[in-house]
Amino acid sequence: MTSPATTVTVLLAPVAQQLTEMGRAERRAQLIAWRIPSTHREKELHQLQRTNATHLKEIVSAHGWPTAGLVGDEAAVYAVRILLACQEPGFLFLCRDLMKPAVDSGELPEQHFAHVVDVCAVAMSVPQTYGTQVNPRTLRPYPIRDVKAAERLRADIGLVPLAEQTAAYLARGAGPDAAGWGRP
């Protein structure tokens with residue numbers, strides 16, 4: 001007889017593998033799309049992101065938000081990355097709400113949650129809280145509700161100051177990290 005924690009981990013091992021494979025495939029597709037820019041590559045990337053979002057919805061529906069305790073560190077990070085590429089605000093908001101208890105209990109790094117909170121704000125066309133989301137055209141943060149508060153929040157959770165983030169984006173220019181893979 002196994003303990004409940006062991007059973008959960010064993011049951012979610014296939015989910016961890018699926019998330020990891022999805023995340024790695026998306027990362028490869030994004031790097032290829034940036035290195036070999038073409039409409040075809042961009043369409044492939046967006047299709048893969050839609051497919052990954054569909055699979056993430058199934059995982060979330062069946063198991064809740066996939067925390068590191070359930071799927072391991074790598075798969076949990078890929079889950080956040082897949083979510084950040086999702087274009088469906090309703091699913092973003094649902095996941096944000098599911099993630100909050102995991103943040104409060106220490107199961108999910110607040111940095112990851114900060115990106116999701118800001119993606120939701122940008123999706124709603126309201127100022128973001130942490131300033132993590134950057135306009136790909138200007139390489140500067142989308143509007144921030146309170147810059148001083150954002151700086152304090154960023155420092156509290158280990159994010160670099162906004163000026164440093166902006167300088168890094170401007171120095172790198174557009175590219176896979178500027179497009180978001182430098183986040184969780």
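Is Arg41 buried, partly exposed or exposed, and what is its relative accessibility? At 28% relative accessibility, Arg41 is classed as partly exposed. The legends below describe this residue and others in a predicted model.

**View 1. A salt bridge within helix H2 joins Arg41 and Glu44.** The side chains of Arg41 and Glu44 meet with a nitrogen-to-oxygen distance of 3.4 Å. Both residues belong to helix H2, which covers residues 39-63. Because Arg41 and Glu44 are three residues apart in this helix, about one helical turn separates them. Glu44 has a relative accessible area of 36% and is partly exposed. Arg41, at 28%, is likewise partly exposed.

**View 2. Lys57 of helix H2 is paired with Glu88 in a salt bridge.** The closest N and O atoms of Lys57 and Glu88 are 2.4 Å apart. Lys57 lies in helix H2, whereas Glu88 is in the loop between H4 and helix H5 (89-104), so the pair ties together parts that are 31 residues apart in sequence. The relative accessible area of Lys57 is 27%, which makes this residue partly exposed. Glu88 also counts as partly exposed, with a relative accessibility of 37%.

**View 3. A salt bridge between Arg24 and Glu74 links helix H1 with helix H4.** In this pair, 2.8 Å separates the closest N and O atoms. Arg24 is located in helix H1 (residues 4-35) and Glu74 in helix H4 (residues 73-84), so the contact ties together parts that lie 50 residues apart in sequence. Arg24 is partly exposed, its relative accessible area being 39%. For Glu74 the corresponding value is 38%, and this residue is partly exposed as well. The pair is one of five salt bridges found in a search of the whole structure.

**View 4. Val126 occupies the loop between helix H6 and strand S1.** Helix H6 comprises residues 110-123, and strand S1 comprises residues 134-135. Val126 has a relative accessibility of 37%. This residue is therefore partly exposed, since the value falls between the 20% limit for buried residues and the 50% limit for exposed ones. The view also includes Ile144, which is 18 residues from Val126 along the chain. The C-alpha atoms of Val126 and Ile144 are separated by 8.4 Å.

Conventions. Residues are numbered from 1 along each chain as its sequence is written. This is a predicted model: local features need pLDDT of at least 70, side-chain atom pairs count only at pLDDT 80 or more; totals for chains, interfaces and linings use all residues. Side-chain values use heavy atoms; hydrogens and water are left out. Helices (H or I, at least four residues) and strands (E, at least two) are DSSP runs, numbered from the N terminus. Buried means under 20% relative accessible area, exposed over 50%, partly exposed in between (1.4 Å probe, protein chains only). A salt bridge is a side-chain nitrogen of Lys or Arg within 4 Å of a carboxyl oxygen of Asp or Glu.
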